Amino acid sequence: MSLFNSLSVSASGMTAQRQRAEVLVENIANADTTRTAGGGPYRRQDVVFEAQAVGQPFSSVFQAQLDNQPKGVAISQVVVDQSEPDRRYLPGHPDADKDGYVSFPKVNPAEDMVDLMSASRSYQANVSAISAVKEMINRSMDLFR
Amino acid sequence: MLDPTTTQLDRYLTLVSQRQKLVASNIANADTPGYQTQDFDFEAQLHAALQASGDSTPAPPLASAVPGLRVKNDGNNVDLDREARLLSENALRFNMATNFLRSELKDLHMAIQGGSS
């Protein structure tokens, strides 16, 4: 049924926005991390969204090819910021180089907070869409009474 | 379905739910770079669906990109206010049509029971 499909479209939006929020929170948490498993300071991450057909079963994929179906959203990749880290002069720091400079992640908490608000708003928009569709499905069910 | 009125209500509901799916998709892709808002001409499609004869369900309308929306820096042109409006508009349309349909079915039920309901 067409309406149940729109639930999975909205759910894909919620999943994508939640994953985006997770990445942003990780950025904020690691704003001062100077040590990582890969060496060097933490690097800021960001997600890239991509429109994607929802519903895995063969029939729905086949149907999507047939009638140009509406798309859900998925995270296509997580990009890592490759820009030069901030260097601060802290000679006593255990991670200081020979000149006494420590590399800090180039994370701007304000930028991440704004993105986080945007993710939260988009999440809410998807929740509203789900409630509206749920209401429509309930209305159809009421016809049986 | 049962009679011409219920058939037309059925087509109306199908069309509204198809549009709701596009709205859900637009909202889900509100932050996808390069995504274009998808919609179809509801009035024209409804007219075509009501004109179609027979009991067969008409093929789902083809969605196309909506022109005239402000394009953001990332090439995305989803306007959340527009989608919110369509979301509630669709819910109201659906509501109205199911109420009609319910009263149709109630009348039928009453006829079956010989007016004693």
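**Exercise 1. Find B:Met96 in this predicted model and say in which helix B:Met96 has its place.**

Let's start with the helix. B:Met96 sits in helix α3 of chain B, which covers residues 80-112.

Next, look at the surface around this residue. The relative accessibility of B:Met96 is 42%. Buried would need a value under 20%, and exposed a value over 50%. B:Met96 therefore counts as partly exposed.

Finally, look for a partner from far along the chain. B:Leu13 is 83 residues away from B:Met96 in sequence, yet their C-alpha atoms are 9.8 Å apart in space.

**Exercise 2. Describe the build of chain B: which elements does it have, and in what order do they run from the N terminus?**

Begin by counting: chain B has 3 helices and 2 strands. Read from the N terminus, their order is α-β-α-β-α.

Now ask how spread out the chain is. For 117 residues the globule rule gives 13 Å, whereas the radius of gyration of chain B is 18 Å, so chain B is more spread out than a compact globule. The spans of the C-alpha trace along its principal axes are about 65 × 25 × 15 Å.

Then turn to the inside and the outside. Of the 117 residues in chain B, 40% are buried. The chain exposes about 6200 Å², and 56% of that comes from carbon and sulfur atoms.

As a last step, consider contacts and charges. Taking contacts in chain B between residues at least 6 apart in sequence, 77% join residues at least 24 apart. Chain B carries 10 positive and 14 negative charges, and the mean positions of the two groups are 3 Å apart.

**Exercise 3. Do the same for chain A: how many helices and strands does it have?**

The count is 3 helices and 4 strands. Starting at the N terminus, you meet them in the order α-β-α-β-β-β-α.

Chain A has 145 residues, and 37% of them count as buried. Its exposed area is about 8400 Å², with carbon and sulfur atoms supplying 55%. Among contacts in chain A with a separation of 6 or more, 64% are between residues 24 or more positions apart.

**Exercise 4. Take A:Ala29 and A:Ala11. Is A:Ala29 buried or exposed, and is A:Ala11 buried or partly exposed?**

First place the two residues. A:Ala29 belongs to helix α1 of chain A, residues 2-29, and A:Ala11 is found in helix α1 too.

Now apply the cut-offs. A:Ala29 has a relative accessible area of 61%, so it is exposed. For A:Ala11 the value is 32%, which means that A:Ala11 is partly exposed.

To finish, find a distant partner for each. A:Ala29 and A:Pro109 lie 80 residues apart along the chain, with 9.3 Å between their C-alpha atoms. A:Ala11 and A:Tyr123 are 112 residues apart along the chain, and their C-alpha atoms are separated by 9.5 Å.

**Exercise 5. Work out how chain A and chain B meet: how many residues of each are in contact?**

On one side there are 33 residues of chain A, in contact with 29 residues of chain B.

Next comes the area. An interface's size is often given as the accessible area lost when the parts come together. Here chain A and chain B bury about 2400 Å² between them, and 65% of this is on carbon and sulfur atoms.

Which three residues supply more than any other three of the area that chain A buries against chain B? They are A:Met136, A:Arg139 and A:Leu143, which supply 25% of that area.

Key:
Residues are numbered from 1 along each chain as its sequence is written. Chains are lettered from A and ligands numbered from 1 in the order in which they are written. This is a predicted model: local features need pLDDT of at least 70, side-chain atom pairs count only at pLDDT 80 or more; totals for chains, interfaces and linings use all residues. Side-chain values use heavy atoms; hydrogens and water are left out. The radius of gyration is taken over C-alpha atoms; the globule rule is 2.2 Å times the number of residues to the power 0.38. Buried means under 20% relative accessible area, exposed over 50%, partly exposed in between (1.4 Å probe, protein chains only). Contact means heavy atoms within 4.5 Å. Accessible areas come from the Shrake-Rupley method with a 1.4 Å probe; for residues, only the protein chains shown count as cover. Lys and Arg count as positive and Asp and Glu as negative; His and the chain ends are not counted. The place of a charge is taken as NZ of Lys, CZ of Arg, CG of Asp or CD of Glu. Buried area is the accessible area (1.4 Å probe) that two parts lose on being put together, summed over both.
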